[in-house]
Amino acid sequence: MELMEALRPVVADEEQTLRRFMGNLALYRKFALKFPQDENMSLLEEAAAAGDWPAAERFAHTLKGVAANLGFAELAQAAAELVTALRQGAEGAALSPLLAEVRARHREVLAAIARCDC
Amino acid sequence: MQTPCRDTLLIVDDSELNRAILREIFYREYRIEEAENGRRALEVVARQQDRLAALLLDLVMPELDGFGVLEELSRQGLLESIPVFLITAETSADIALQGYENGVMDVISKPITDPSIVRKRVGNAVELFRGRNQLAQLVEEQVQTIKAQSEKLRTANASIIDMLSSVIEFRSGESGQHVRRIRQATRMLLQLLAAEYPAYRLSPEEIEMVASAAAMHDIGKILIPDYILNKPGRLTAEEFEEMKNHTVYGCEILESIPFFQEQELFRYCYDICRHHHERWDGLGYPDGLSGGDIPLWSQVVSLADVYDALVSERVYKKPYPHPVAVEMIRSGECGAFNPLLLGLFLRCADELHQALYLQDETGAAPYSPPVGLGRAAGYHPPEEQRLSDRTLALLERERQKYHWLSEMSGEILFDYDRQSDSVEFTEKYQEVFGDNLRTLHASDHIHRAGQIAPEDLQRIEGELKALTPESALYRTEVQLTVRGGRRVWFELYMRSLWEGESGQVCTGYMGKLSSIDELKRESARWRQRAMHDYLTGLYNRQALETRVSEAIRDPAGSPFSLLFVDLDNFKAVNDTKGHLAGDQLLREIAEKLPQKMRATDMVARIGGDEFAVFLEGLGKEALLAKKAGEVCHFFREELGEQGLGLSASVGCVRYPADGQSYKALLQRADRALYTAKSRGKNQFALYDGEMEGEQYRPSLLFPTED
C-alpha cells in the first residue's frame, strides 16, 4: 500500500500535513518511516515507570511535537494532554489513563505505518 | 566597506524533524546552518554572525534553551542586527510575551500550519533588518566622516587663529613677542590667582585655554586702517574711535569662523577680544562694563596688555622702564583694575619682567599652539593649513584690492614667486614690452626674451644674491628693449620677500619698473648743453678741460697739442657793425673752423672771442706750426667780409713736451699767445721755455684761481 493511503486512519488532515512539508512527499516519507524508531515513547514509559515526572514531561512533549508535525493528530493530542497533566503536577495513578491513551494512539500509528509497502 | 552578505539562516532545534521542516521551507532562499541545542547555536553565531540573516530558535532544548540563547545574543548586542524567531509549541501568551520581552522579532507556533506565511514573516523581518543594518552602517560612516571633518575644522581653526595672530602682528609692525608675552603673562597671572584663590576653581586646562585665547585679543586690528594702526603721533578723536572698534571687529571675525562657536575656547576668545579694554570703573570700551561684570579672563589679559604696552617700544612711544611701568599701573594712571588682580600683578611683576622681557629673542620659548583645539604640537607649514571659506574670502578681497591698486597706479609692477618660478606683471607691462603678463619658467624666459642685455642680467642677478631680510631693497638702472625694439632706460626698484621660521628663505621679489628714459635723455641733454657754447654750438671751456684731462689720464699717453686762438680787432667789429654782426661772425667761425680741422680735433669757444683747438695725437713742432699757420690764414683770409681787418693770434703748446697738467698747459699757452700778440698779432707762437723770462701779463682768460 502506498504511504499516504496507509496512514489515512491516523493522519487527520493529509493536505495540511503535506503542506507543512512544502509538498515534499519524499521528505515526509523519510520521517514518517523513521517514526517507529523514535524512542520517545519508550523513554516516556520508562520515565513514568520510574516516577521521573520531569523526564516524562520532556519525552511526552517531544513525542507530541513529532506526532503533530507528522500529522498524527490524535497521538499528538493525547501526548498534549499528558504533558498538561504532568505540568500541573499530576503524578502516578492520575496519569495512567492519559498514558494509556498515548500508548494506544502510538500503537495505532505504528500499525498504520507498517501497512505501507515502503 | 564590504560587509559579507547576510545570506544564512540558523535553525536551532533539538528535533531533527523540526529542523528538516524549517530547512525545507527556507533552503531555496537562504543558506542553512543548523544547531541542535543552544550551545551549538552560539558556536555557529560566533563564527558566522555577520552572515546571519535570521535565527529560528526553539525554546526547549538541552544544554542551553532558547531563552538562554536569547540572553547571550542580547548581551552581545546582536539582536539589533539579527532578527530572532521563536519557534515554539507553547501556545500560551506568557511564553510569547516573554519571548518578545527577551528580544525576539516574532513567535511562530509549531507545528507549522502555513509554511508560506512563515516564509513571508521571516523574509519581511530579514528585509527590515537588512535595511536597518545598511542604515546603521551609513550612519556610522557619516559619523566617521563628520568626526574627521570636525577634526579638520578644529585643526583649521587652530591654524586660522595662529595665522590671524601672526597677521595682526605683522600688520601692526609689532614683533612676534607681543602675543607670546601676553599669553605667558596671562598664564602666570592666572596660575597665581588659582594658587591664591582656589575659590575661583581655575583648572590648569582652563588656564591654558585662556592663555591661548589671549593671543586673539587684537585680531580685530586687521580691520583697522594702516594709517591709524601705524600712526606715530597722537590719534585724532575720530581715529581713536575707529581704533576702539578693534574690539568689536575681533568678535565679528571670531563669529565668522565656522563651528568655532561650539567650542569652549570660543567663549574665552570672544570675551577677551571684546572686553580687554574695559575698565574696572566702567569707563572702558566698547560696552562700558564695570567691576565683576567684566569677565575675569578679559581683566587678566587687559592687565597684561597694559603692562606690555608700557614696557615695549611702539610706533607712538618709547618703552618705559619696568619700575616706572609698574608704578603707573599701581597708581591707576594707566587704567582701572580689579584690586585683587592688581595686587597679584604687583606681587609677580618683577618675576614677569624677568621671565618675559629680559630673555633674549634667541632664548624664546618654542612656539606653542593654542590649547583646547586638539591640535598636534609643532609648527604647521602654510601648505598644510586649510582655510575656512570666510577667511579665504577675506584674503581674496585683500588680493583683489592689491591687484586693483597695482593696476590703477598705471605702473609696471611685478610679483615673482621663486617656488613656482613664475612672475606676474600689471597690464602696463604688456603695453610697453608686448610680452605676456604671466610667465612660468620665468628665470629661463628672461634670458631668452631679449629685453635685457646678458651682462646687465648677470650684474643684477649677482647683486640680488647679496640681499638679506634686513637689507631687502634693491634699486638699479638698466636699459631694456621695449616693444618695437627701442632701448629705453628704466629704474628697477624691488624688494625681496622672506619667509620661513627664521625668515631665511627668499620666496620671491616684488617691485616696480619705471621708465627714466626721458630723465636720462634730459640729463644727457643737459650734460651736452653743459659742454657746449650756446651761441656757437662749439664745445665750451668745460668740455675742453674734460677732454684735456682725459687725454692726460689716458695711460696710452698719446701726445696732443693745444692752440689758443684770440681774435684781433673783434671788438672793432662789434663797435662798427653791431653785436648781431659780431655774433654772426662768431657763428661763422664755429661753422667753418672745425672744417679746417680733423674729425678727432676739438674746437671750443672758451671766451668772448677766444677759441681753443685740441689736436689729438699731434706732438711735433713742425706740424703744430703748420696747423697754427693754417688757423691764422683762416682768420685772415676766409672770414666774413674783406676789409674787416680781422685776424687772430695763436699760442701753441704741446703735451707732454710743454706741460703735463691742464693748468700748466694753460699757462704756457697763454704765454705763447701773449708773445704772438706782442710780436704784432696775426701770427702764431709756439711755446718756448725762453718766454718765461719775458714780460708777461696773464690774460683774463686764465684767472689764477685754484
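Visitor: How much area does chain A expose, and how much of it comes from carbon and sulfur atoms?

Guide: Accessible areas come from the Shrake-Rupley method with a 1.4 Å probe, and for residues only the protein chains shown count as cover. Here chain A exposes about 5,600 Å², with carbon and sulfur atoms supplying 53% of it. Keep in mind that this is a predicted model, where local features need pLDDT of at least 70, side-chain atom pairs count only at pLDDT 80 or more, and totals for chains, interfaces and linings use all residues. Residues are numbered from 1 along each chain as its sequence is written, chains are lettered from A and ligands numbered from 1 in written order, and side-chain values use heavy atoms, leaving out hydrogens and water.

Visitor: What is chain A built from?

Guide: Helices (H or I, at least four residues) and strands (E, at least two) are DSSP runs, numbered from the N terminus. Chain A has 7 helices and 0 strands. Of its 118 residues, 44% count as buried, meaning under 20% relative accessible area (1.4 Å probe, protein chains only).

Visitor: How do I read the size of the interface between chain B and chain A?

Guide: Interface size is often given as the accessible area lost when the parts come together. The figure is summed over both parts, with a 1.4 Å probe. Chain B and chain A bury about 1,600 Å² between them, 60% of it on carbon and sulfur atoms. On the chain B side, B:Leu17, B:Ile21 and B:Glu24 lose the most area, together 33% of what that side buries.

Visitor: And how many residues of each chain are in contact?

Guide: Contact means heavy atoms within 4.5 Å. By that rule, 17 residues of chain B touch 17 residues of chain A.

Visitor: How many salt bridges are there between chain B and chain A?

Guide: Look for a side-chain nitrogen of Lys or Arg within 4 Å of a carboxyl oxygen of Asp or Glu. The count is 2 between these chains. B:Glu16 forms a salt bridge with A:Lys34, their closest N and O atoms being 2.9 Å apart. As for elements, α1 (16-26) and α5 (115-171) of chain B each supply at least two residues of the side that touches chain A. The most come from α1(B), with 7 residues.

Visitor: Which residues of helix α3 of chain B are buried?

Guide: In α3 (residues 66-75), they are B:Gly66, B:Phe67, B:Gly68, B:Val69, B:Leu70 and B:Leu73. These pack against α2 (38-48), β3 (52-58), β4 (84-88) and α4 (93-101) of chain B.

Terms used. Buried area = accessible area lost by both parts, 1.4 Å probe. Buried < 20%, exposed > 50% of the residue type's maximum accessible area, 1.4 Å probe, protein only.
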